Amino acid sequence: MQPNYRRCISCRKIAPKQTFWRIVRVHSSRQVQLDKGMGRSAYICPHESCLYNASKKNRLGKVLRTNIPDNIYRTLWNRWHRLNNAESISTKPPNS
Ligand SMILES: [Zn+2]
């Protein structure tokens, strides 16, 4: 894998890490949080199917080897909704 590329925990797609959302189990506190922190990390595409599979099959819990608090999934879904609302009012032409 190239440096700075990561793999989605749901669809296993490989892409530059900044295209993913990052979920971290912080090394010192063992708390699970988004985006920031040092520790075991999981990456997921900001896509409905990936979020759905990750929450349904508890992929995050398996990858991070801990219980994932409900609010982590809730926050990811909130982000997804915001992102998609933003895209629906965007004036950019769709990629073809
Ligand atoms: Zn994915």
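Visitor: Welcome me in with a strand pair: over how many bridges do β3 (residues 21–26) and β5 pair?

Guide: Gladly, and please keep in mind that this is a predicted model. Strand β3 covers residues 21–26, and its pairing with β5 is antiparallel. The number of bridges in that pairing is six.

Visitor: Which residue of β5 is the bridge partner of I23?

Guide: Let's look at two positions where β5 faces β3. R25 stands opposite R40 in β5. For I23, the bridge partner in β5 is A42.

Visitor: And in β4, which residue does I23 stand opposite?

Guide: β3 is joined to β4 as well, by three bridges, and the two run antiparallel. I23 has its partner A42 in β5, and in β4 the residue opposite I23 is L34.

Visitor: What is the strand order of the open sheet of three strands?

Guide: We can build the order from the pairings. β3 pairs with β5 over six bridges and is joined to β4 by three. The edge strands, each pairing on one side only, are β4 (32–34) and β5. With antiparallel pairing throughout this open sheet, the order is β4-β3-β5.

Visitor: What does the twist of that sheet average from one strand to the next?

Guide: The sheet is open and holds three strands. Going from one strand to the next, the twist averages 25°.

Visitor: Is β3 largely enclosed or open to the outside?

Guide: Here the count of buried residues decides. A residue is called buried when its relative accessible area is under 20%. Five of the six residues of β3 are buried, so the strand is largely enclosed by the rest of the structure, and the strand asked about is best called enclosed.

Visitor: Which residue in the hairpin of β3 and β4 takes a positive phi?

Guide: Most residues other than glycine have a negative phi. The hairpin of β3 and β4 has five residues between the strands. The residue there with a positive phi, near 65°, is R30.

Visitor: What value is the positive phi of R12 near the start of the chain, and where is R12 found?

Guide: R12 is found in the loop between β1 and β2. N4 also has a positive phi, near 70°, and lies in the segment before β1, partly exposed with a relative accessible area of 46%. R12 is not a glycine, and its phi is about 65°.

Visitor: Which residues are the protein donors of the zinc ion?

Guide: In sequence, the donor residues are spaced C-x2-C-x33-C-x4-C. Each gives its SG atom, at 2.2 to 2.3 Å from the zinc ion. The donors are C8, C11, C45 and C50.

Visitor: What geometry does the site of the zinc ion have?

Guide: Four donors count as tetrahedral if all angles lie between 85 and 135 degrees. Among the four donor atoms here, the angles are 99 to 115°. The geometry of the site is therefore tetrahedral.

Visitor: How many residues apart in sequence are the parts that C11 and C45 tie together?

Guide: C11 is in the loop between β1 (5–7) and β2 (14–16), while C45 is in the loop between β5 (39–44) and α1 (48–56). C11 is partly exposed at 41% relative accessible area, whereas C45 is buried at 1%. Because the pair sits in these two loops, it ties together parts whose separation in residues is 34.

Visitor: What kind of aromatic pair do W77 and W80 form?

Guide: A search of the whole structure finds two aromatic pairs, and W77 with W80 is one of them. Both lie in helix α3 (residues 70–88), three residues apart, about one turn of the helix. Their centres are 5.8 Å apart with 80° between the planes, and planes over 60 degrees apart give the class edge-to-face.

Visitor: Which of those two tryptophans is buried?

Guide: The cut-off for buried is under 20% relative accessible area. W77 comes to 22% and is partly exposed. With 14%, the buried one is W80.

Visitor: Which residue lies over the face of W21?

Guide: The distance to check is from the ring centre of W21, and it is 5.9 Å. The residue lying over that face is R79.

Visitor: What distance separates the C-alpha atoms of N67 and Q31?

Guide: N67 lies in the loop between α2 (59–64) and α3 and is exposed, with a relative accessible area of 70%. N67 and Q31 are 36 residues apart along the chain. Their C-alpha atoms are separated by 9.5 Å.

How values were computed: Residues are numbered from 1 along each chain as its sequence is written. This is a predicted model: local features need pLDDT of at least 70, side-chain atom pairs count only at pLDDT 80 or more; totals for chains, interfaces and linings use all residues. Side-chain values use heavy atoms; hydrogens and water are left out. Donors are N, O and S atoms within 2.8 Å of the metal (3.2 Å for Na, K and Ca); water is not among the atoms, so sites may look incomplete. Four donors count as tetrahedral if all angles lie between 85 and 135 degrees; four count as square planar and six as octahedral if opposite donors are over 155 degrees apart and all others between 65 and 115; anything else is irregular. Helices (H or I, at least four residues) and strands (E, at least two) are DSSP runs, numbered from the N terminus. Buried means under 20% relative accessible area, exposed over 50%, partly exposed in between (1.4 Å probe, protein chains only). Rings of Phe, Tyr and Trp (its six-membered ring) pair if their centres lie within 6.5 Å; planes under 30 degrees apart count as stacked, over 60 as edge-to-face and the rest as tilted. A charge sits over a ring if NZ of Lys or CZ of Arg is within 6 Å of the ring centre and within 35 degrees of the ring normal. Two strands pair if DSSP finds at least two bridges between them. Axes are lines fitted to C-alpha atoms, for helices over the stretch in contact, and angles run from 0 to 180 degrees between N-to-C directions.
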